[in-house]
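I opened the model today to look up how its parts sit together, and I am keeping the entries in the order in which I checked things.

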Amino acid sequence: MANRGLSAYRRLFRARQQLFQGDALALVKSREELRNEFIKNKFVTNPEELKEIFLGVDEVEDMMLHGIMQGKVNEQTNTVEVKIKPEHTVAMDAEEARNEREKVACASQDENKIDGAVLVEVTKSKG
């Protein structure tokens, strides 16, 4: 089980590096939180508890790699630029992905009508 635990830790460690690439503060905080969670569960030996923990690791890794997108604030245009990468739309067909991008754009345009709101700009990623 120790090898499986180390493997789970490494998977989440790599996922957080990919998710928070370029965000030093998020990388530090996520590393600390990840380490704390693994230390907290270091002495768990019950097979049922371990099964739940490893299932949770799988879900967290999937969420980090496919369910969260990082945006960057463009202060010149008062927008948040979000790049939807292929891995974020893997479970969707092309039509669904386009509809989701349009929903984000429409919601942000509605928000932009309110004074001081930030427009979310969605761009396609090249890779």
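**Entry 1: Met-64**

I began with Met-64, which touches Leu-12, Ala-15, Arg-16 and Leu-19 when residues up to four places away in sequence are not counted, a contact meaning heavy atoms within 4.5 Å. This is a predicted model, in which local features need pLDDT of at least 70 and side-chain atom pairs count only at pLDDT 80 or more, while totals for chains, interfaces and linings use all residues. Residues are numbered from 1 along each chain as its sequence is written, and side-chain values use heavy atoms, with hydrogens and water left out.

I found Met-64 in helix α3, where helices are DSSP runs of H or I with at least four residues, strands are E runs of at least two, and both are numbered from the N terminus. I noted Met-64 as buried, because its relative accessible area is 13%; buried means under 20%, exposed over 50% and partly exposed in between, with a 1.4 Å probe and protein chains only. From C-alpha to C-alpha, Met-64 and Phe-20 are 9.5 Å apart in space, with their positions 44 residues apart in sequence.

**Entry 2: the overall layout**

I then stepped back to the whole protein and counted four helices and three strands, which run α-α-α-β-β-α-β from the N terminus on. Of its 127 residues, 20% count as buried. Among contacts with a separation of 6 or more, 52% come from residues 24 or more positions apart.

**Entry 3: the largest nonpolar core**

Which residues make up the largest nonpolar core? I listed Ala-8, Tyr-9, Leu-12, Ala-15, Leu-19, Leu-34, Val-44, Leu-50, Phe-54, Val-57, Met-64 and Leu-65, twelve in all; such a core is a set of buried Ala, Val, Leu, Ile, Met, Phe, Trp, Tyr and Cys residues joined through side-chain atoms within 4.5 Å. Helices α1 and α3 each supply at least two residues of this core. I set beside this the general remark that nonpolar side chains tend to be buried together in soluble globular proteins.

I looked at Ala-8 in helix α1 and recorded it as buried, because its relative accessible area is 1%. Leaving aside neighbours within four places in sequence, Ala-8 is in contact with Phe-38, Phe-54 and Val-57. Ala-8 and Val-57 are 49 residues apart in sequence, yet their C-alpha atoms are 6.6 Å apart in space. Another core member, Leu-34, touches Tyr-9, Leu-12, Phe-13 and Arg-16, again not counting residues up to four places away in sequence.

**Entry 4: the largest pocket**

I looked next at the largest pocket, whose volume is about 750 Å³. On a 1 Å grid over the protein atoms alone, a pocket is an open set of points where a 1.4 Å probe fits, with protein on both sides within 12 Å along at least five of seven lines, and lining residues have an atom within 4 Å of a point. Grid points are joined across faces, edges and corners, and the volume is the space filled by probe spheres set on them.

The lining has 28 residues, of which Gly-5, Tyr-9, Glu-37, Phe-38 and Ile-39 lie nearest the centre of the pocket. The elements that give two or more residues to this lining are α1 (2-19), α2 (24-40) and α3 (47-67), and the largest share, eight residues, comes from α3. By class I noted 19 nonpolar, four polar and five charged residues, with Ala, Val, Leu, Ile, Met, Phe, Trp, Tyr, Cys and Pro taken as nonpolar, Asp, Glu, Lys and Arg as charged, and the others, Gly among them, as polar.

**Entry 5: the hairpin**

In which sense do strands β1 and β2 pair? I found that β1 (residues 71-74) and β2 (residues 79-84) pair in the antiparallel sense over four bridges, where pairing requires that DSSP finds at least two bridges between two strands. Gly-71 stands opposite Val-82 in β2, and Val-73 stands opposite Val-80. I marked Val-73 as exposed, because its relative accessible area is 61%.

The two strands form a hairpin with four residues between them. In that loop lies Asn-78, which has a positive phi of about 55° although it is not a glycine. I recorded Asn-78 as partly exposed, because its relative accessible area is 39%.
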